[in-house]
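Subject: Structure for you to look at

Hello,

Here is the structure I said I would pass on. Please open it next to this message and follow along.

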Amino acid sequence: MLPTKQVVVSPVFQARLAQAMGVTRVARITGLDRTGVEVACAVRPGGHVLQVCNGKGLTAEEASLGALFETAELWAAERVPPGRLVWGARGELDGRIGAVWGAAALGSAGALAVPRLWSDSVRCAWQQAQELHSGRTVWVPAQGIYCPPSGAAELGPVSVTWTSNGSGAHPEERKAQLHALLEATERDQLARAMPGGWTEESVRRRMLRTPGLEQKAPRTAALAQVLRERGFGVYLFDATPYLRTPGTVGLPVAAAVLVDLEEGPVPLTAGYACALGRDTALLRALLEAAQSRLTDIHGAREDVSASDRTAARAFAEACASVRAKRQVGDMPDFSQDAGSAARGVRRVLEQLRRAGFTQVAAVSLDAPVSGLHVQRVVVPGMRISELL
């Protein structure tokens with residue numbers, strides 16, 4: 001998720017949004033840790049996918065909005081609009097209602113759960129989407145878009161492993177779409193840059209040198225310094241795939257590792273981000289690493305597993321032993337396109353096209369309240385990294 005939404009949202013709108021989604025509390029949990037990074041959690045007891053969603057930022061308001069917007073993404077995915085879906089088999093619908101993308105083409109939106117159970121003769125529900133390169137209408141399997149609770153509208157035989165990847169919520173539609181595109185790109189590029197996860201080679205070759213950070217990524221440098229003063233080891237990485245790697249989009253992708261030098265209950269966390277600018281990507285990755293600590297500390301998320309302290313200590317020692325050589329200034333940077341969401345979307349689409357992602361579709365999901373937009377993107381050929 002984006003840590004900063006850069007939008008002013010009134011308390012009345014926030015309260016209306018929370019009530020519409022069944023959020024009983026937005027709690028500021030910053031004080032449970034010593035990083036000082038603002039983190040909030042939105043509690044939604046009736047949630048199907050998750051009951052607690054987190055947000056982070058440089059201010060308490062940004063963190064609260066992040067938690068509410070992430071909740072809105074899941075709220076929208078849980079609600080199926082039966083009247084807007086089309087039922088049938090791809091083999092009989094393709095060409096009759098427009099282009100129909102099969103489940104194997106979902107890419108960023110999920111993978112086939114059991115490939116042998118899917119074929120063009122399987123009858124299921126289809127959701128209308130807009131192909132962003134051409135503007136034409138396409139249809140995608142609704143199972144890649146929605147994750148309805150038991151008793152809700154059926155979508156057909158379970159064929160797809162659903163994921164929330166590639167979702168975005170924002171009062172401005174273009175910003176919601178940009179958020180979704182950057183998230184999908186992040187997960188894909190991480191899978192290409194570090195297909196084996198955190199290996200010794202990836203640590204050694206991708207760690208960024210501290211000199212030069214203040215000039216090339218000043219906001220990241222300022223937060224990193226604060227975290228070091230509070231007893232943390234801060235390690236930043238250029239996770240952008242190499243140019244020769246197939247599918248390299250060329251947007252800056254960052255990773256951050258936060259090590260608790262006091263060896264508290266959460267020894268090590270990591271964060272990742274893709275953005276238009278290198279400083280923004282690095283900052284968001286570092287904020288996510290700090291948020292991950294509080295996700296573990298406040299203990300309300302049902303998808304958190306216990307840390308392997310031995311492995312974490314070994315990884316921290318490996319980071320500390322590396323003499324970083326990679327320059328921050330070598331990361332790609334498109335900060336000039338960050339001032340306008342529309343321009344940012346165009347930049348991302350152009351980079352995707354150059355990388356071979358010639359099909360990109362967006363779905364507008366139902367939002368909990370008027371004035372909010374929820375977008376979901378589907379990019380055939382994209383991978384989904386398992387790094388968290």
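Below are notes on the domains, one domain interface, some salt bridges and one loop.

Please keep in mind that this is a predicted model.

**Domains**

The protein is divided into three parts: domain 1 covers 11–80, domain 2 covers 87–167 + 353–378, and domain 3 covers 184–337. Between domain 1 and domain 2, the C-alpha centres are 26 Å apart. Their contact involves 17 residues on the domain 1 side and 19 residues on the domain 2 side.

**The interface of domain 1 and domain 2**

About 1,500 Å² is buried between these two domains, and carbon and sulfur atoms give 77% of that area. Within domain 1, the residues that lose the most area to domain 2 are His48, Ala77 and Val80, and together they make up 32% of what that side buries.

What holds charge and polarity across this boundary? The rule finds zero salt bridges between domain 1 and domain 2. It does find two residue pairs in polar contact there, both at pLDDT 80 or more.

On the domain 1 side, two elements give two or more residues to the surface that touches domain 2: helix 1 (11–21) and helix 2 (60–77). Helix 2 provides the largest share, seven residues. Sorted by class, that side of domain 1 has twelve nonpolar residues, one polar residue and four charged residues.

**Salt bridges**

Side chains of opposite charge can pair when their charged atoms come close. In this model the count comes to 21 salt bridges. Three of them are described here, followed by a network.

- Arginine 90 pairs with aspartate 120, with 3.4 Å between the closest N and O atoms. Arginine 90 sits in helix 3 (residues 90–93) and aspartate 120 in the loop between strand 6 (110–112) and strand 7 (123–131), so this salt bridge ties together parts that are 30 residues apart in sequence. Arginine 90 is partly exposed at a relative accessible area of 23%, and aspartate 120 is partly exposed at 40%.

- Arginine 219 pairs with aspartate 279, and here the closest N and O atoms are 3.4 Å apart. The arginine belongs to helix 7 (residues 218–229) and the aspartate to helix 8 (residues 278–298), so the pair ties together parts that are 60 residues apart in sequence. Arginine 219 counts as partly exposed, with 39% relative accessibility, whereas aspartate 279 counts as buried, with 10%.

- Arginine 353 pairs with glutamate 350, the closest N and O atoms being 2.5 Å apart. Both residues lie in helix 10 (residues 341–354), three residues apart, which is about one turn of the helix. Arginine 353 is partly exposed at 41% relative accessible area, and glutamate 350 is partly exposed at 23% relative accessibility.

Which residues are joined into one network by salt bridges that share partners? They are Asp33, Arg34, Asp260, Glu262 and Arg293.

**Aspartate 260 and the loop after strand 12**

One member of that network, aspartate 260, can be followed further. Is aspartate 260 buried or exposed? Its relative accessibility is 3%, and because buried means under 20%, aspartate 260 counts as buried.

Aspartate 260 is located in strand 12 (residues 253–260). Its side chain approaches two backbone nitrogens. A polar atom of the aspartate 260 side chain lies 2.9 Å from the backbone nitrogen of glutamate 262, and the side chain also reaches the backbone nitrogen of glycine 264 at 3.2 Å. Apart from its neighbours within four places in sequence, aspartate 260 is in contact with Arg34, Gly231, Phe232, Val266, Pro267 and Arg293. Arg34 and Arg293 are also members of the salt-bridge network.

Glutamate 263 is in the loop between strand 12 and strand 13 (268–274). Most residues other than glycine have a negative phi. Glutamate 263 is not a glycine, yet its phi is positive, at about 55 degrees. This residue is partly exposed, with a relative accessible area of 47%.

Regards

Methods
Residues numbered from 1 in each chain as written. Predicted model: local features only at pLDDT ≥ 70, side-chain atom pairs only at ≥ 80, totals over all residues. Heavy atoms only, no water. Domains from an automatic or database assignment. Contact = heavy atoms within 4.5 Å. Buried area = accessible area lost by both parts, 1.4 Å probe. Salt bridge = Lys/Arg side-chain N within 4 Å of Asp/Glu carboxyl O. Polar contact = N/O pair within 3.5 Å; in protein donor to acceptor, adjacent residues only side chain to side chain. Helix = DSSP H or I, 4+ residues; strand = E, 2+ residues; numbered from the N terminus. Nonpolar A, V, L, I, M, F, W, Y, C, P; charged D, E, K, R; others polar. Buried < 20%, exposed > 50% of the residue type's maximum accessible area, 1.4 Å probe, protein only.
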